[in-house]
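Here is a short report on the sheets and inner spaces of one protein chain. Keep the structure open while you read.

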Amino acid sequence: MSAAATRRLTTAQALVRFLAAQYTERDGVRHRLIAGTWGIFGHGNVAGLGQALVEYRETMPYHQGRNEQAMVHAAVGHARHLNRLSAQAVTTSIGPGATNLVTGAALATINRLPVLLLPGDYFASHAADPLLQQLEHPVEADVSVNDALRPVSRYFDRITRPEALLTSALNAVRVLSDPAETGAVTLALPQDVQAQAYDWPEEFFADRVWRVRRPAPDPAELAEAVRAIRAAARPLIVAGGGVHHSEAEPALKALVDATGIPVASTQAGKGALRHDHPADLGGIGHTGTAVSDALARTADLVIGVGTRYSDFTTASGTLFQHPGVRFLNVNITAFDAHKLAAATLVCDARSGLAALTDALAGHRVDAAYETEYRTGRARWEEAVEGAFRADDDSAVPTQTQVLGALDTVVGDEDVVINAAGSLPGDLHKLWRARSPRQYHLEYGYSCMGYEIPAALGVQQAAPDTPVWALVGDGTYLMNPTEIVTAVQENLPVKLVLVQNHGYASIGGLSESVGAERFGTDYRHRVADGSFTGAPLPVDLAANAASLGMDVLRAKTVRELREALSTARAATRPTCVYVETAPPGTALPAEAWWDVPVAEVSAREAATEARAAYERAVADRRRHL
């Protein structure tokens, strides 16, 4: 018998060849799992993975990043837009290049989105010890800065011998393609091992398909869920990001059309129903709509579909106030399904919703309940129109009028991306999502600086789709560097840069909790530590232009609409810059959010805020 065929390659070359041959498949549709690799090269990866990416550049697309955290955000945006069926890899050097990955990895894992991280590492042989940028630990010689990625990764390994990759690469891809376990995956690559040659089994490089399963609900759990729904007088569905990941939007619509159960959505779930569906109530929780939160307070059964129930969704445990409220959670992850002491339907969202629709045949909520929520929905739509309306086209727009202007410009296929600041609250309340992928809010980690690089990842996933990154001035200052990459790769992303001269979101929060807006202003500081009224002489539009974007400055509502229309038609990266007028946000929060206030203070603002805090926290419930 002849020996099994082998191929002599370096570890890095083998890894790139392996990744290029991995696929996912769901519902008979195949996707390339690792669609490309982002990279910034240094001494920890330039001679290993850098050389391998040159060697196999025809089979593994490469994208040059400018900031390591931003590269992860771009990869996450790409994966989310493609419903987690395709991902990207990110390679960095050792040292600061590797530690800059931690924020992006946390974001990916919290949001249950796949990304493969390939940081360089120390010499496994310790031949050069310590080397440049190496962390020396006096009692644990095998520790490196990459160990900071362990708690924010769903799978972590350090490849200290070439043959270890055979097992770890398969485990890495298993986690990346698992709908319940996915998140950031880290393979730390010692730089000497990257360059070492090994005789790899030929079958390691064969095309491999990872089927993304759709587990069906357990019959006993399904029967219990049906009994709960039939017994409920005021059921409410809370749609989370799992609806989108499962591509379960048609199944949700079918259930709602059959039963009349209304739907509120989390930040990740918005768009699960089209905004003009009569049962769509919009966002829920602290940034939710008045109609959603009113129904949530009186719901006797809350049906969570693909949600992890963050504190914004539950209003820090104060939202669901019906004396007998119970929960039913449809989730592919048992960890999330069991939250709030819920009855569980641990399964794929689409499979579970379809099974519920079949089992509930003939059941429908009371007509008076439908009339109630449809009336509330109509009142809220009037509030949205009022927030969007600009009676004077020659006036400086408010932030909500910026959203109103964008609402008139976008098409059903456009994607709107945001993550942090005051915009997420306004968007969750007001945005009219026209399609499942249009509303792209990263609110699991709410990471400032996510928007621009994520827009690049989405644009790569959907080349012919208009992609908008909505960014405030504080967020822009965090991470504008990938504008250069957008220009380099000619990705026609559209940046809406809103200048409101400071942390509007945190400034308002600071005021509400008795911290008096301290440290949240962008004005000049004077000798006594206070601020003058003059804003800083910072021109962010000029900065965007200096990085290669076409920039359109809009001073009025009319100019803003014209600039947005021009940007939508643009074929290269384009920024619409607008300075907004107060108020920063037009509609107040409909539900509470717990930010603990100083229990004792000599300052009146803090003592008043504490009294308000104690009144609000008294409504918290432990759902057991």
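Two strands count as paired when DSSP finds at least two bridges between them. This is a predicted model.

**A hairpin**

By that rule, strand β2 (residues 22-26) pairs with strand β3 (residues 29-32): 4 bridges join them, and they run antiparallel. Tyrosine 23 faces arginine 32 in β3. The hairpin has 2 residues between its strands. There, aspartate 27 takes a positive phi near 55°.

**The sheet from β14 to β17**

An open sheet of 6 strands has the order β14-β13-β12-β15-β16-β17, with parallel pairing. β14 and β17 (343-346) are the edge strands; each has a single partner, so one side of each lacks a neighbour in the sheet. Neighbouring strands here are turned by 20° against each other on average, direction ignored.

Strand β13 (residues 263-265) and β14 pair in the parallel sense through 2 bridges. Serine 265 has glycine 283 in β14 as its bridge partner. Helix α14 (residues 349-359) packs on this sheet and touches β15 (301-305), β16 and β17. Its direction makes about 125° with that of β16. Helix α10 (residues 249-259) lies across β12 (235-239) and β13, at about 170° to β12.

**The sheet from β19 to β24**

Another open sheet of 6 strands runs in the order β19-β18-β20-β21-β25-β24, and its pairing is parallel. Which strands stand at the edges? They are β19 (439-441) and β24 (550-554); each has a single partner strand, so one side of each is left without a neighbour in the sheet. On average, neighbouring strands of this sheet are turned by 20° against each other, direction ignored.

Strand β20 (residues 467-472) pairs with strand β21 (residues 494-499) in the parallel sense, over 5 bridges. Valine 471 stands opposite leucine 497 in β21. Helix α17 packs on the sheet, touching β18 (415-418), β19 and β20. The direction of α17 makes about 150° with that of β19.

**Inner spaces**

Rolling a probe the size of a water molecule over the atoms shows where empty space is left. The structure holds 5 cavities of 30 Å³ or more. The table gives the lining of three spaces by residue class.

| Space | Nonpolar | Polar | Charged |
|---|---|---|---|
| Largest cavity | 15 residues | 18 residues | 10 residues |
| Second largest cavity | 8 residues | 5 residues | 6 residues |
| Second largest pocket | 2 residues | 4 residues | 4 residues |

The largest cavity contains about 580 Å³ of space. It is lined by 43 residues; Gly241, Gly242, Ala268, Gly306 and Thr307 lie nearest its centre. Which element gives the most to this lining? It is α9, with 4 residues. α9 (241-245), α12 (311-314) and β16 (326-331) each supply at least two lining residues.

The second largest cavity has a volume of about 190 Å³. Its lining has 19 residues, and those closest to its centre are His275, Asp280, Gly282, Trp380 and Glu381. α15 gives the most to this lining, with 4 residues. β14 (280-283), α15 (367-388) and α17 (423-430) each supply at least two. The edge strand β14 thus also contributes to a cavity lining.

The second largest pocket holds about 170 Å³ of space. Its lining includes Asp311, Thr314, Ser316, Gly317 and Leu340. Arg620, Arg621, Arg622, His623 and Leu624 line this pocket as well.

Technical notes: Residues numbered from 1 in each chain as written. Predicted model: local features only at pLDDT ≥ 70, side-chain atom pairs only at ≥ 80, totals over all residues. Heavy atoms only, no water. 1 Å grid on protein atoms, 1.4 Å probe; cavity = no way out; pocket = protein on both sides within 12 Å on 5 of 7 lines; lining within 4 Å. Points joined across faces, edges and corners; volume = space filled by probe spheres on them. Nonpolar A, V, L, I, M, F, W, Y, C, P; charged D, E, K, R; others polar. Axes fitted to C-alpha atoms, helices over the stretch in contact; angles between N-to-C directions. Contact = heavy atoms within 4.5 Å.
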